[in-house]
Amino acid sequence: MRSITLALAGLLMLTAGSVRADETIYQPAPMVDNGLNDLTKPATQHGMLGLGYTTSLTENTGLQNGVLVSARYFTGDKWYALGEVEMASYSTNTLVADDSVDVPDNSTRYALGMGYSLLQGNASVSGKTVMPFVLAVELAAGEQSFGDTGGLYLSGGISTQVHWKKYWGALGIRQFNLDENAQPLTNSEWGIQWDIQLGFWF
């Protein structure tokens, strides 16, 4: 019995020695480039710049057409700051109180305000192409100059915006109010404006 035990012990020692001799330790080499350095930072959209065409119907005057330059800067998920400059052309023969009077040809408006997204979603016409859209309410205050005079301008309206990857478009409607110094020759105190705009992200 003792001899059998010694034989088994010797066999185990020989087997253990052969395993240690053939054993390979896995030592992975450190990866120098894991690909993270090649990743680019995601694009961040800070706001929108736009150029548009406007049509305004002001009290005691006819239709006025103009060019609108706008900028929107995002201040939150739904809020954005708004800045606008509009140059409009007016008739030189405007009927006021049944009298024909000469008024300045052009009007310039500067306004700052805020916008708030009431509704955000995706729109599709063909069922295949999806376009994100935003329905926002906008409030603005500024000055409208009319020849040598200028006065306070206040407006509130709705803007429907369609967003693409690099560009955006919008249709808007607003009501505006003017103080007595804004258009003293025509005695206009309020009006309605429609606009269409196209622009790009920045």
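Let's start with a handshake between charges: the side chains of Arg 174 and Asp 195 meet in a salt bridge, 3.9 Å from N to O. Arg 174 sits in strand 9 and Asp 195 in strand 10, so this pair ties together parts of the chain that are 21 residues apart in sequence. Both Arg 174 and Asp 195 are buried. Keep in mind that you're looking at a predicted model. Here's a tour of what it shows, beginning with the overall layout.

**The big picture**

- The protein chain has 1 helix and 10 strands.
- If you walk along from the N terminus, the helix comes up before the strands, in the order α-β-β-β-β-β-β-β-β-β-β.
- Out of 202 residues in the protein chain, 30% are buried.
- Take the contacts between residues at least 6 apart in sequence: 54% of them join residues at least 24 apart.
- About 13500 Å² of the protein chain is exposed, and carbon and sulfur atoms supply 62% of that area.

**Strands 1 to 3: neighbours lining up**

- Strand 1 (residues 47–58) and strand 2 (residues 63–74) run antiparallel, joined by 11 bridges.
- Want a spot to look at in that pairing? Find Met 48, whose bridge partner in strand 2 is Arg 72.
- A hairpin with 4 residues between the strands links strand 1 and strand 2, and Asn 60 in its turn has a positive phi of about 70°.
- Strand 2 also pairs with strand 3, again in the antiparallel sense, over 10 bridges.
- Here you can look for Gly 66, which has Ala 88 in strand 3 as its bridge partner.
- Strand 2 and strand 3 form a hairpin too, with 4 residues between them.

**Strands 7 to 9: further along the chain**

- Strand 7 (residues 130–146) and strand 8 (residues 149–163) are antiparallel partners, with 14 bridges between them.
- In this pairing, Ala 136 stands opposite Ser 159 of strand 8.
- On to the next pair: strand 8 and strand 9 (residues 167–178) run antiparallel and share 11 bridges.
- Gln 161 faces Ala 170 in strand 9.
- What connects strand 8 to strand 9? A hairpin does the job, through 3 residues.

**Salt bridges: a buried network**

- The whole structure contains 5 salt bridges.
- One of them brings together the side chains of Glu 84 and Arg 109, at 3.1 Å from N to O. Glu 84 is in strand 3 and Arg 109 is in strand 6, so the pair ties together parts that are 25 residues apart in sequence.
- Are Glu 84 and Arg 109 buried or exposed? Both are buried.
- Glu 84 also meets Arg 174 in a salt bridge, this time at 2.8 Å from N to O. With Glu 84 in strand 3 and Arg 174 in strand 9, this pair ties together parts that are 90 residues apart in sequence.
- Why does Glu 84 count as buried? Its relative accessibility is 3%, and buried means under 20%.
- Arg 174 is buried as well, with a relative accessible area of 8%.
- Now back to the opening pair, Arg 174 and Asp 195, with their 3.9 Å salt bridge. Salt bridges that share partners join Glu 84, Glu 86, Arg 109, Arg 174 and Asp 195 into one network.

**Aromatic pairs: rings meeting rings**

- A pair of aromatic rings is described by the distance of the centres and the angle of the planes.
- The count of aromatic pairs comes to 4.
- One of them is Trp 79 with Tyr 116, a tilted pair at 4.7 Å centre to centre, with 55° between the planes. This pair links distant parts of the chain, as Trp 79 is in strand 3 (residues 79–89) and Tyr 116 is in strand 6 (residues 106–124), 37 residues apart.
- Trp 79 is partly exposed, with a relative accessible area of 45%, and Tyr 116 is partly exposed at 27%.
- Tyr 153 and Phe 176 have ring centres 5.7 Å apart and planes at 25°, so that pair is stacked. Tyr 153 belongs to strand 8 and Phe 176 to strand 9, 23 residues apart.
- Tyr 153 is buried at 1% relative accessibility, and Phe 176 is buried with a relative accessible area of 3%.

**A nonpolar patch on the surface**

- Leu 49, Tyr 73, Trp 164, Tyr 167, Leu 198, Phe 200 and Phe 202 form a nonpolar surface patch, with about 730 Å² of accessible area together.
- Phe 200, one of the patch residues, is found in strand 10 (residues 190–201).
- Phe 200 counts as partly exposed, at 40% relative accessibility.

Definitions and conventions:
Residues are numbered from 1 along each chain as its sequence is written. This is a predicted model: local features need pLDDT of at least 70, side-chain atom pairs count only at pLDDT 80 or more; totals for chains, interfaces and linings use all residues. Side-chain values use heavy atoms; hydrogens and water are left out. Two strands pair if DSSP finds at least two bridges between them. Helices (H or I, at least four residues) and strands (E, at least two) are DSSP runs, numbered from the N terminus. Buried means under 20% relative accessible area, exposed over 50%, partly exposed in between (1.4 Å probe, protein chains only). Contact means heavy atoms within 4.5 Å. Accessible areas come from the Shrake-Rupley method with a 1.4 Å probe; for residues, only the protein chains shown count as cover. Patches are made of residues with over 30% relative accessible area and no salt bridge: like charges are joined within 9 Å, nonpolar side chains (Val, Leu, Ile, Met, Phe, Trp, Tyr) within 5 Å. A salt bridge is a side-chain nitrogen of Lys or Arg within 4 Å of a carboxyl oxygen of Asp or Glu. Rings of Phe, Tyr and Trp (its six-membered ring) pair if their centres lie within 6.5 Å; planes under 30 degrees apart count as stacked, over 60 as edge-to-face and the rest as tilted.
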